[in-house]
Amino acid sequence: MTRSEREEAEVRQLLDGPHPTVPADLAPRALARGTRQRQRRRTARRILWLTLIAAVVAFAVWAAVADPWNPPPMRTTPPLEGG
């Protein structure tokens with residue numbers, strides 16, 4: 001008997017045997033767990049969005065105050081030509 005045939009026979013034996021009983025409170029527990037997971041994911045998404053919005057606002061305020069796109073003023077005056 002090859003390995004795959006032996007594994008198939010073991011699986012068939014498991015499937016043909018008695019099935020375990022399902023706990024009576026399985027559905028309510030699964031519902032409660034799913035609800036908790038959904039709430040955690042929703043909270044995590046909200047926190048991420050709020051963090052992103054705060055970063056955008058902070059960048060906008062910094063850009064308005066620092067004016068980073070204009071070149072810095074010259075520290076020395078250019079030489080006087082002619083005169």
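Me: How many salt bridges does a search of the whole structure find?

Reply: Side chains of opposite charge can pair when their charged atoms come close. In this predicted model, a search of the whole structure finds 3 salt bridges.

Me: Which residue meets Arg-3 in a salt bridge, and what is the N to O distance?

Reply: The partner of Arg-3 is Glu-7, and their side chains meet at 3.1 Å, N to O. Both residues belong to helix 1, which covers residues 3-16; because they are 4 residues apart, about one helical turn separates them. Arg-3 counts as exposed, at 60% relative accessibility, whereas Glu-7 counts as partly exposed, at 39%.

Me: With which residue does Arg-12 form a salt bridge?

Reply: Arg-12 pairs with Glu-8, and the closest N and O atoms are 3.0 Å apart. These two residues are also in helix 1, 4 residues apart, so the separation is about one helical turn. The relative accessibility of Arg-12 is 51%, and this residue counts as exposed. Glu-8 has 42% and counts as partly exposed.

Me: How far apart are the closest N and O atoms of Asp-25 and Arg-29?

Reply: They are 3.8 Å apart, and the pair forms a salt bridge. The cut-off that matters for this reading is 4 Å between the side-chain nitrogen and the carboxyl oxygen. Asp-25 is partly exposed at 39% relative accessibility, and Arg-29 is partly exposed at 46%.

Me: I should like to turn to helix 2. How does its reach compare with the span expected at 1.5 Å a residue?

Reply: Helix 2 comprises residues 26-66. From the first C-alpha to the last, this 41-residue helix reaches 59 Å, close to the expected 60 Å.

Me: Which residues form the positive surface patch?

Reply: For a patch, the cut-off to bear in mind is over 30% relative accessible area, with no salt bridge. The positive patch here consists of Arg-38, Arg-41, Arg-42, Arg-45 and Arg-46. Arg-46 may serve as the example: this residue is found in helix 2 and is exposed, with a relative accessible area of 56%.

Me: Which side chains form the nonpolar patch on the surface, and what is their accessible area together?

Reply: The members are Trp-49, Leu-52, Ile-53, Val-56, Val-57, Val-61 and Val-65, with about 710 Å² of accessible area together. Ile-53 is an instructive member: the residue lies in helix 2 and is partly exposed, with a relative accessible area of 48%.

Me: What is the phi of Asp-67, just after helix 2?

Reply: Most residues other than glycine have a negative phi. Asp-67, however, has a positive phi of about 50 degrees although it is not a glycine. The residue is placed in the segment after helix 2, and the positive phi comes just after that helix.

Me: Is Asp-67 buried, partly exposed or exposed?

Reply: Asp-67 counts as partly exposed, because its relative accessibility is 38% and that class lies between the cut-offs of 20% and 50%.

Conventions: Residues numbered from 1 in each chain as written. Predicted model: local features only at pLDDT ≥ 70, side-chain atom pairs only at ≥ 80, totals over all residues. Heavy atoms only, no water. Patch = residues over 30% accessible without salt bridge, like charges linked within 9 Å, V, L, I, M, F, W, Y side chains within 5 Å. Areas by Shrake-Rupley, 256 points an atom, 1.4 Å probe, with all protein chains shown as cover. Lys, Arg positive; Asp, Glu negative; His and termini not counted. Charge placed at Lys NZ, Arg CZ, Asp CG, Glu CD. Buried < 20%, exposed > 50% of the residue type's maximum accessible area, 1.4 Å probe, protein only. Expected span 1.5 Å × (residues − 1).
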